[in-house]
Amino acid sequence: MVTQSGSTKRPTCPSCCKPARICLCNRLQTPIIDNSVSVTILRHTLETKHPLNSTRIATIGLKNVDVITISDVNFQARFFIRSLDSSSDMGRVKLDEDSQVFDEMPSRENVEKSVCGEISVRTEKGEVVGPNVNFTVGKYGALRSFQNHEVPPEKCRETSFDGLFASKIGASFDDIRRGFVVKKLQTKLLEESNEYKEIQEFEIAVAPGSVLLFPSERSIEAEAVDFEVKNLIVLDGTWAKARRMYNENPWLRLLPHIGLNVDKLSLYREVRNQPRAEYLSTIESIVYAMKAVGGDSEGLDGLLDVFESMVGDQRRCMNERLSKISEN
């Protein structure tokens with residue numbers, strides 16, 4: 001099946017979103033991988049239509065993969081976190097379209113008045129419900145509020161999330177770390193009305209056994225993980241955008257962090273600017289991480305072959321453009 005893309009009417013594959021003449025789907029030499037370690041990709045909104053974005057290879061090559069679009073916080077965003085049912089031990093918890101943990105979000109007023117033990121809140125109907133934690137961040141992840149009865153409001157504004165998690169109140173997050181649902185409400189400026197409106201950006205179920213693939217001081221090598229990894233969370237964007245996504249989504253700090261010790265150079269270096277030569281593309285990172293944590297490795301190298309062919313397409317296009325310029 002082929003669709004027409006934009007005003008150019010260029011035939012485009014609906015699966016890999018590449019022009020039909022360079023479709024990636026028929027380059028897969030193996031069946032779709034039924035990966036036991038599921039993958040959740042948090043993709044920056046600017047990567048969605050980038051011609052060299054490698055997330056598309058994961059979506060056509062892996063069965064158990066979810067892609068969540070993340071945008072920058074330019075005004076503020078509210079987050080609501082609630083523990084998953086303790087009986088849930090699935091590696092991948094996916095919410096149905098009609099099934100939401102936070103069916104009725106509390107108003108700001110009722111959240112501000114909350115003083116219940118585990119940060120419960122009262123809905124407009126008078127029902128006391130979760131979330132266990134709720135907080136507000138501004139641009140670049142600046143902490144604006146943190147609704148925890150043990151932390152005075154003035155202290156919240158002075159404290160970073162790393163400081164909160166490292167303090168004595170960090171123990172209150174133990175249950176949440178075993179699996180949680182996080183909902184993000186983003187405040188955005190509506191161009192047509194020049195007014196601000198709060199809209200839901202995502203609601204994600206983070207299952208027990210989830211890890212974040214992200215280099216930081218708290219990261220350990222993937223091979224050193226001493227528990228069964230069931231879900232791999234990956235940030236997809238330029239390194240600057242990935243860092244901003246990390247800072248503006250502090251719930252990611254609740255997850256164990258893993259890093260990669262790979263002595264290979266990314267194929268991206270030939271066609272896309274990389275801050276450092278050892279930085280990898282999203283699909284390369286996923287493949288190497290899945291191998292390191294003991295997931296199914298059969299067929300993963302085939303995804304890298306498809307990525308290499310996509311880079312080759314871009315290299316040829318670049319050479320053709322340079323050749324035309326030199327001829328003129």
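Lysine 183 is buried, at a relative accessible area of 3%; by buried I mean under 20% relative accessible area, by exposed over 50%, and by partly exposed anything in between, with a 1.4 Å probe and protein chains only. I begin with this residue and then move to the rest of the chain.

Some conventions come before the details. This is a predicted model, in which local features need pLDDT of at least 70 and side-chain atom pairs count only at pLDDT 80 or more, while totals for chains, interfaces and linings use all residues. Residues are numbered from 1 along each chain as its sequence is written, and side-chain values use heavy atoms, with hydrogens and water left out. Helices (H or I, at least four residues) and strands (E, at least two) are DSSP runs, numbered from the N terminus.

Let me return to lysine 183. Its partner in a salt bridge is glutamate 203, with the closest N and O atoms 3.8 Å apart; a salt bridge here is a side-chain nitrogen of Lys or Arg within 4 Å of a carboxyl oxygen of Asp or Glu. The pair links distant parts of the chain, as glutamate 203 lies in strand β11 (residues 195–206) and lysine 183 in strand β10 (residues 180–190), 20 residues apart. Glutamate 203 is buried as well, with a relative accessible area of 14%.

Strands β10 and β11 supply another such pair: glutamate 201 in β11 and lysine 184 in β10, 17 residues apart. Their side chains meet in a salt bridge at 2.9 Å, N to O. Lysine 184 counts as buried because its relative accessibility is 0%.

How many salt bridges does the rule give? The count comes to 8. Among them is the one between aspartate 313 and arginine 27, where the closest N and O atoms are 2.8 Å apart. Here aspartate 313 sits in helix α8 (residues 300–327) and arginine 27 in the loop between β2 (10–12) and β3, so that parts of the chain 286 residues apart are linked. Aspartate 313 is buried, at 9% relative accessibility. Elsewhere, Asp72, Lys241, Arg244 and Glu248 are linked in a network of salt bridges.

I turn now to the open sheet. Its 6 strands follow the order β4-β3-β14-β12-β15-β13, and the pairing is parallel; two strands pair if DSSP finds at least two bridges between them. At the edges are β4 and β13 (220–221), each of which pairs on one side only. At one of these edges, β13 pairs with strand β15 (residues 257–259) in the parallel sense over 2 bridges, and isoleucine 220 stands opposite isoleucine 258 in β15.

At the other edge, 6 bridges join strand β3 (residues 38–44) to strand β4 (residues 65–70), again in parallel. Between these strands the chain passes through helix α1 (residues 55–61), and the resulting β-α-β crossover is right-handed. That term applies if, with the strands pointing away from the viewer, the path from the first strand over the helix to the second runs clockwise. Within the pairing, threonine 40 stands opposite aspartate 66 in β4.

The next topic is the cysteines. Why is there no bond between the sulfurs of cysteine 13 and cysteine 25? The sulfur of cysteine 25 is the closest cysteine sulfur to that of cysteine 13, but at 3.6 Å it is too far for a bond. Likewise, the sulfur of cysteine 23 has its closest cysteine sulfur in cysteine 13, at 3.7 Å, again too far for a bond. A search of the whole structure finds 0 disulfides, a disulfide being a pair of cysteine sulfur atoms within 2.5 Å. Both residues are buried: cysteine 13 has a relative accessible area of 8%, and cysteine 23 one of 15%.

Is helix α7 (residues 282–292) mostly covered or uncovered? It is mostly covered, with 10 of its 11 residues buried. The buried residues include Thr282, Glu284, Tyr288 and Met290. After α7 comes glycine 294, whose phi is positive, near 90°.

Finally, the surface. Arginine 10, in strand β2, is partly exposed at 44% relative accessibility. Arginine 10 and arginine 21 lie 11 residues apart in sequence and 9.7 Å apart in space, C-alpha to C-alpha. Leucine 189, in strand β10, is partly exposed too, with a relative accessible area of 43%.
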